[in-house]
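Here are three short exercises to work through with the structure open beside you. Try each task yourself before reading its solution.

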Amino acid sequence: MARRLPRAMAAVLSVSGGAVYRSRDPVRNLRLRVRLWRGASSGPFLPQAPPPLAGPALPGLADRGGTGARRPPEEEEAEVGWQEKLFSQFEVDLYQNESACQTPLDRQYWEEVHKLEKAGGRKNCRVFTYTDHDRFTNLEERCQKVTDSEHEVPSYLAERMANVRRRRQDCRPIEASSLKSKIITWEPSDEFIRNNHVINTPVQTMYIMGDLGPYGKLGRREYEHVLCTIKVDDNGVITVKPDFTGTKGAYQIEVDGEKREVWKYTIENASVQMQPEEEEREQRVFRDLYGRYKEYLNGLVGSEFEMTLPGTLRLFVNGEIVSAQGYEYDNLYVHFFVELPNQWSSPAFQQLSGVTQTCATKALGWENVAYFSYPFTLELFFTQGAESEESLPQWPVLYFEVLSLDFWQRYRVEGYGSLVLPASPGVHNLTIPTWRPVELGTVAELRRFFIGGSPELEDITYVRTPSTFKGERLSRFGFRTETTGSVTFRLYCLQQSKAFLEASARRQRMQSVLDQLGGFSRQSSVYSVLEAFQRARRRMQEARESLPQDLISTSASTVHQSQEP
């Protein structure tokens, strides 16, 4: 695989002291160059012990760093690959003895240390690494703090989750018999919980360390410092902390001690650059791969995409009756149906009516609310005719009635309402008020409470102007009603028409499909004017009611006198 990591890595987020990169290349191509050197001491000047004289080293006076009389260098540069193991002096001393090996990983390190000794010893002195499988990685992740407080006490959840590591799990094939017999593990062990309780995306971690001990004290754990932490997940996200040095200058670490020595280091991306020929070859491979995947998806979807006829609008409505609130009695349910005007139709399988489940109410503030969460789906077609080009087409209307059940399973009418389906696509949350017919006198309310009977509408479309009415005026004189509660709807509307495709080809901006189907823009403008008129009328009535009665009577008499000759 060609190495294109330096070009493919793009910083997507800056964290405190670090950065997050995203790369499409394999992480094995990642290489870092670390340069470490000693800076000036920040403490008071103290005389330094002279170096040992040349000659044979005395027994017991050899440097514990394993370098004999050789003084560790003041400056060191190392190039490290992903999960490349560089042993520290402490690990070299530890794995000298085979008896210290307790795990297969220890045995592997013992063999590698002996190979290094035969090859002339390790080349690195102060810079070393801890890989994803080392004990240091486990301890470092377990000792991470949740807050920045120095007196932090781990909570119960933090202690329990400390054993859960974000690690890539081994994918082992499961036989069909074992899959059927072990769908649920009733008594999971601690090991089972640790292996299956994965947090977020599994990651691999690597630490680049520095041994900042003074001369003669190399290999002590108290002088080990983390220079850089690299984490990589399965999605190609690489977290580097601290970030690559670049133009920001070297990082520095101040070591506690008598001299308070200061060490400086830089981190660079040393990944091999990709050649133009390799990059072009990789692009061809990606294009071929994406082309085959596109053909695979096209094979799954198919080429026979159902389109509507010219001049036809398909309307999909995924609706939900969310709740009903503000009604007098409990145990509510909603019965609804959709009335289709002229030139509207629906498939034979489409149900245009429905009834919700009976729902008990719960107190929410000052109102009793019944939550139905009842879904329904509508698929409707509008076909443009010759007569609809001159007239204003009508839109489907959803009529509904809210009823309640008493102890004897007798129903009462709680309210009637209607809803015009939205003419624009998208999500619509609508709250529709309702009313019910009433009779004068106390006897009607007693009958409603004890017997369950109440006045009902023979035709529920009487909520609006019925479609069967052919007269000029519909009189409701003498019809008494009472305002009740309200019902909340949530409608997801989707419209399909060839008019959208034609508008996209012409690159013309279209407010709604109604403008392309003809005549609907006039209807929407008329509706907006009527709504504005109703709002202005309500404001005038409210302002008139708020005025004093003597002022209203005085102004009325003044107008009457001005009209007299």
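**Exercise 1.** In this predicted model, decide whether Arg135 is buried, partly exposed or exposed, and find what Arg135 touches.

*Solution.* Start with the relative accessible area of Arg135, which is 45%. Buried requires under 20% and exposed over 50%, so Arg135 counts as partly exposed. Next, locate the residue: Arg135 belongs to helix α4, residues 135–142. Finally, look for its contacts, leaving out residues up to four places away in sequence: Arg135 touches Tyr95, Thr103 and Asp106.

**Exercise 2.** Work out the strand order of the open four-stranded sheet that contains β3, and name the strands at its edges.

*Solution.* Reading across the sheet, the order is β4-β3-β10-β9, with antiparallel pairing. Now look at the ends: β4 (75–81) and β9 (251–254) each have a single partner strand, so one side of each lacks a neighbour in the sheet. From one strand to the next, the twist averages 20°. To zoom in on one pairing, take β3 (residues 31–38) and β4, which are joined by seven bridges in the antiparallel sense. Within this pair, Arg35 lies opposite Glu77 of β4.

**Exercise 3.** Describe how covered strand β12 is, and trace its bridges to β17 and β14.

*Solution.* First check burial: six of the eight residues in β12 (residues 332–339) are buried, leaving the strand mostly covered. Then follow the eight bridges to β17 (residues 397–405), which runs antiparallel to β12; here Tyr333 has Leu403 as its bridge partner. Three bridges connect β12 with β14 (residues 353–355), again antiparallel, and His335 stands opposite Val355 of β14.

Definitions and conventions. Residues are numbered from 1 along each chain as its sequence is written. This is a predicted model: local features need pLDDT of at least 70, side-chain atom pairs count only at pLDDT 80 or more; totals for chains, interfaces and linings use all residues. Side-chain values use heavy atoms; hydrogens and water are left out. Buried means under 20% relative accessible area, exposed over 50%, partly exposed in between (1.4 Å probe, protein chains only). Helices (H or I, at least four residues) and strands (E, at least two) are DSSP runs, numbered from the N terminus. Two strands pair if DSSP finds at least two bridges between them. Contact means heavy atoms within 4.5 Å. Axes are lines fitted to C-alpha atoms, for helices over the stretch in contact, and angles run from 0 to 180 degrees between N-to-C directions.
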